[in-house]
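Subject: Structure handover

Hello,

Here is the structure I said I would pass on. Please open it alongside this message; my notes come after it.

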Amino acid sequence: MEEQFVSKKVYEEKKAPSVNGFVMLFVTILIILACIAAIIGGGVLLAAENIVPGAILLTAGIIILCLSCFIFPGFKVIGPNEALVLTLFGNYYGTLRTEGFFYINPFCTAVNPTVTSLSSGITQLAAAGRVSVSSTGSTLSKKVSLKAMTLDNNQQKVNDELGNPIIIGTVVIWQVINPVKAVFNVQNYKTFLSIQCDSIVRNTARRYPYDTSDGGDEKSLRGSSQEVADIMKKELQEKVAIAGLKILEVRIANLSYAPEIASAMLQRQQAAAIIDARQKIVEGAVSMVEMALTKLSENDIVELDEERKAAMVSNLLVVLCGNKDAQPVVNSGSIY
């Protein structure tokens with residue numbers, strides 16, 4: 001029985017509770033100004049020897065000002081085609097995927113397993129196969145990108161259906177459509193995609209020959225690249241659906257014989273090309289000889305017996321099918 005990837009708990013995406021960030025920013029500024037005013041007022045009362053009210057006002061202002069620092073982590077800016085998956089004390093809290101400026105519970109934590117924070121404070125995307133990514137700079141960003149991205153799958157050496165070693169490389173265009181599945185269902189969805197792509201390419205390449213034999217109509221990697229790429233796309237989509245990913249396109253970017261047999265296969269292709277060319281030349285020569293004999297007979301230019309016709313046909317075929325230009329011989333006597 002085929003093993004299925006099953007998450008212990010299925011998380012349905014929900015919108016995270018939030019308020020307008022500009023409103024909350026205005027409120028925060030008012031709180032800070034009020035705290036500053038309370039501290040100044042408490043100092044004035046203490047200077048006037050009004051000890052108890054001054055101490056209470058000063059202490060309250062300092063405490064509230066310190067607590068107001070915990071408000072700032074709740075401000076979040078979401079850009080176009082970005083999502084922020086949030087947890088609160090280990091539990092899924094919600095997702096922000098609407099662009100704008102928001103304020104959420106400051107104790108919420110953004111989750112993105114593809115991002116790690118280094119000791120130097122520089123944030124880099126974690127190793128994820130050959131997925132093309134860029135550094136996010138010195139700001140730790142846990143946003144999940146919903147944009148279309150490219151996976152440049154490196155060239156792999158595999159054996160085709162006939163056992164010939166070949167080099168094949170693919171390019172996958174994909175995007176995250178469910179950030180909750182991408183974050184919670186797999187350890188690292190970019191690494192997961194890269195490994196699944198490697199597996200699909202290998203399994204698919206083994207089922208088809210590099211090229212079809214003469215007169216064959218079966219699918220091949222070279223002759224039916226688009227059909228094979230569509231099959232890869234379908235199989236890859238089934239594998240990565242658990243991670244909330246959508247495969248937009250799969251293309252075979254590189255396809256060639258392995259170096260150890262490339263020379264022999266090139267000679268084989270050259271031989272096949274020479275045979276095809278010779279076949280065309282012979283077909284054309286026979287047609288031209290037939291036309292020459294017909295014209296000579298119709299116009300009564302010369303009468304040739306069967307032996308002379310055979311000699312003429314032989315000479316014409318030699319001239320027309322030869323690799324080099326014929327050397328003419330002038331006969332000044334009778335042809336008989």
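The notes below cover two sheets, the helices that pack on one of them, and the nonpolar cores. Please keep in mind that this is a predicted model.

Sheets

One open sheet has three strands in the order β10-β11-β12, and the pairing is antiparallel. Its edge strands, β10 and β12, have a single partner strand each, so one side of each lacks a neighbour in the sheet. On average, neighbouring strands here are turned by 20 degrees against each other, direction ignored. β10 and β11 are joined by nine bridges; Val-158, for instance, has Ile-166 in β11 as its bridge partner.

Another open sheet of three strands runs β1-β5-β2, again with antiparallel pairing. Its edges are β1 (19–20) and β2 (75–78), each of which pairs on one side only. Four bridges connect β2 with β5 (residues 100–103), and Val-77 has Phe-101 in β5 as its bridge partner.

Helices on the β10-β11-β12 sheet

Helix α4 spans residues 189–205, 17 residues in total, and its first and last C-alpha atoms are 24 Å apart, close to the expected 24 Å. At its N-terminal end, Asn-188 acts as a cap, with a side-chain oxygen 3.1 Å from the backbone nitrogen of Lys-190. Twelve of the 17 residues in α4 are buried, including Tyr-189, Phe-192, Leu-193, Ile-200 and Val-201. Polar residues are found in the buried set too, among them Lys-190, Gln-196 and Asp-198.

α4 packs on the sheet and touches β10, β11 and β12, with its direction at about 35 degrees to that of β10. Helix α5 lies across β11 and β12 and runs at about 135 degrees to β12.

Cores

Which residues touch the most other members of the largest nonpolar core? They are Trp-174, Tyr-189 and Leu-236, out of 37 residues in that core. Two or more residues each come from β3 (82–88), β10 (149–159), β11 (165–176), α3 (179–184), α4, α5 (225–240) and β12 (245–257). The largest share, seven residues, is from α4.

Leaving aside residues up to four places away in sequence, Leu-236 touches Val-172, Leu-193, Gln-196, Cys-197, Ile-200, Ile-247 and Val-250. Another core, of eleven residues, lies apart from the largest one; Leu-84, Ile-104, Cys-108 and Ala-110 are among its members.

Regards

Key. Residues are numbered from 1 along each chain as its sequence is written. This is a predicted model: local features need pLDDT of at least 70, side-chain atom pairs count only at pLDDT 80 or more; totals for chains, interfaces and linings use all residues. Side-chain values use heavy atoms; hydrogens and water are left out. The expected span of a helix is 1.5 Å times one less than its number of residues. Buried means under 20% relative accessible area, exposed over 50%, partly exposed in between (1.4 Å probe, protein chains only). A polar contact is a pair of N or O atoms within 3.5 Å; within protein, one must be able to donate a hydrogen and the other to accept it, and residues adjacent in sequence count only if both atoms are side-chain atoms. A nonpolar core is a set of buried Ala, Val, Leu, Ile, Met, Phe, Trp, Tyr and Cys residues joined through side-chain atoms within 4.5 Å. Contact means heavy atoms within 4.5 Å. Two strands pair if DSSP finds at least two bridges between them. Axes are lines fitted to C-alpha atoms, for helices over the stretch in contact, and angles run from 0 to 180 degrees between N-to-C directions.
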